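These are my notes from going through one model. I took the sheets in turn, then a helix, a loop residue and the ligand shell.

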Amino acid sequence: MASNWAKSAEEQEKLVKKLTTTDITPPNDSEGTPASGGGDDEEKPVSPAERSLLQKIIRKGLVENKNDIEIQRKDPTSPLYSVKSFEALHLKPNLLKGVFQMGFNAPSKIQESALPLLLADPPQNMIAQSQSGTGKTAAFVLAMLSRVDVNKNYTQALCLSPTYELAIQTGEVAAKMAQFCPEIKIRYAVRGEEVPRGTKLTEHIIIGTPGKVVDWAIKFRFFDLSKISVFVLDEADVMIATQGHQDQSFRIHKALSRSCQMMFFSATYEHDVMEFAEAIVTNPVVIRLKREEESLDNIKQYYVQCKHQDEKYQAIANIYGVVTIGQAMIFCHTRKTAQWLVERMTKDGHAVALLSGDLTVEQRIAVLDRFREGKEKVLITTNVLSRGIDVEQVTIVVNFDLPIDLQRRADCETYLHRIGRTGRFGKAGLAINLIDSPESMEVLKQIEHHFGRKINLLDADDVDEIEKIAADA
Ligand SMILES: Nc1ncnc2c1ncn2[C@@H]1O[C@H](COP(=O)(O)OP(=O)(O)OP(=O)(O)O)[C@@H](O)[C@H]1O
């Protein structure tokens, strides 16, 4: 196993070298200043757009959800039904072929209810909210692809995405789904894309960012907004978090025809998002799939008593040495600790990945891509960077430092998010907390008390025991 892990060490090492200094003395602030507390060790917060992108990159497949769909509609005469198969949607055969080619056997929960409405005649307006990964993008991409009439050579479907990268992600889904429909033409309206003055675009679908779409449609009239029959506003919650995007979206929306079908997607359901939604979408059907609560059921929790940072390192090395299945994530309090740990593990010949605020967006994507593909078994990160990103394939979570808030008390919400799993996973997980001071022991006690669950002591030298526990997880 160690050789497997070592295989990719070289590539990872290149990244690490860029990021770390040659000084590998243990940082003495691992339980020190909370990450949000300032200083040059502080991680910069990740923007909602970037978080959403990273989440998409690391995701392996559909996020399942056992909650029931909630549907509200103002017009009781609008048809409501759900489908259990893609065949039941009567798609164009080549489009259906593309859907199956992507490995989609049956509609996801949100798709079961959303797709019949999105494809209905007369068209229905929709506001849909469900957490990232539940199949929203695939749903509206399918709706756009089915609605366009390829005999008309002008733009008929428009999708607004908050950023360049998110628009590209959506475009890639559309290209895959339309792989057997070469007659459907798609164009990106994003930075770097230039169109000569006076051009009339003939692509059926445009996926772009609001600023570029305002330029192309309103300023230069490369396409006619009044001829758009499907308008999608994706990642609305991220959109409103980006300065100027909401106003630009309204400008675009104003130029659409009354008969244009409006679809509005968001991963969250806050008041400002819903206000935005209602201003854009008239007489909508609102579909909502609540996030499943995370829980500590099926998670085995342990702590390892260490005297100092070096012993914490040793504990990690022991765990790394015996774990042969699954992937692990190690959380450190500060960037400095994370970098120190990565450097030390790399020097000892272990292949580990570092997700750090020092990386550019492209580097972060590269790190997460490699981790998703299993090229590294261990991902070391700080909380600031990874908060809100679900890493489903991880079976072992190590808290090199326990999460604490500004008052240095246990941050139980973060602990639950790092360790917890929703019902969808079914399988067990393993959490190991490294304790090296009376303060960190106190934080552990607060966590135990908060969740009403005992966290057992584990001897990090007892490799047989660790092996057994990891194998059961
Ligand atoms: N019906 C399906 N069957 C199997 N996999 C699916 C299905 N629909 C979507 N997926 C896959 O599930 C993952 C999540 O889907 P999708 O990106 O559409 O979700 P999303 O809700 O739009 O997420 P986000 O909010 O991050 O955009 C993707 O990898 C996608 O290929």
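Entry 1, the mixed sheet. I began with strand 3 and strand 6 (residues 230–233), which pair in the parallel sense over 4 bridges. Within this pair I found L158 opposite F231 of strand 6. I note here that the model is a predicted one. I then looked up the sheet these strands belong to: 8 strands form an open sheet, ordered 1-8-2-7-6-3-5-4, and the pairing is mixed. At its edges I find strand 1 (69–73) and strand 4 (186–189), each of which pairs on one side only. I also took the turn between neighbouring strands of this sheet, which is 15° on average with direction ignored.

Entry 2, the parallel sheet. I listed a second open sheet, of 7 strands in the order 11-12-10-13-14-9-15, with parallel pairing. Which strands stand at its edges? I read off strand 11 (352–355) and strand 15 (456–457); each has a single partner strand, so one side of each is left without a neighbour in the sheet. For strand 15 I checked the contact with strand 9 (residues 299–305): the two pair in the parallel sense over 2 bridges. One bridge puts Y302 with N456 of strand 15.

Entry 3, strand 14. I moved to strand 14 (residues 429–435) and checked its pairings. With strand 9 it pairs in the parallel sense over 7 bridges, and I299 has G429 of strand 14 as its bridge partner. With strand 13 (residues 394–399) strand 14 also runs parallel, joined by 4 bridges; there I noted N399 with N433 as its bridge partner in strand 14. How many residues of strand 14 are buried? I count 7 of its 7 residues as buried. In a regular strand the side chains alternate between the two faces of the sheet. I therefore sorted strand 14 by face: G429, A431, N433 and I435 lie on one side, L430, I432 and L434 on the other, and all are buried. Both faces of strand 14 are thus covered.

Entry 4, helix 12. I checked the length of helix 12 (residues 309–322) next. Its 14 residues reach 20 Å from the first C-alpha to the last, close to the 20 Å expected at 1.5 Å a residue. I listed the buried residues of helix 12 as Q309, K312, A315, I316, I319 and Y320. These cover an arc of only 135° around the axis, which puts them on the same side of helix 12.

Entry 5, D149. I located D149 in the loop between helix 6 and strand 3 (157–160). Is D149 buried or exposed? I have D149 as exposed, because it has 10 other C-beta atoms within 10 Å and the limit for exposed is 12 or fewer. I also looked up D149 against E183: they are 34 residues apart in sequence and 9.9 Å apart in space, C-alpha to C-alpha.

Entry 6, the ligand shell. I listed 18 residues around the ligand, of which L62, S132, G135, K136 and T137 come nearest. Which helices each supply at least two residues of the shell? I find helix 3 (48–58) and helix 6 (136–147). By class, I sorted the shell into 5 nonpolar, 10 polar and 3 charged residues.

Notes:
Residues numbered from 1 in each chain as written. Predicted model: local features only at pLDDT ≥ 70, side-chain atom pairs only at ≥ 80, totals over all residues. Pairing = 2+ DSSP bridges. Near = placed C-beta within 6 Å. Nonpolar A, V, L, I, M, F, W, Y, C, P; charged D, E, K, R; others polar. Expected span 1.5 Å × (residues − 1). Buried ≥ 20, exposed ≤ 12 C-beta atoms within 10 Å, placed from the backbone. Arc of directions from axis to C-beta. Axes fitted to C-alpha atoms, helices over the stretch in contact; angles between N-to-C directions.
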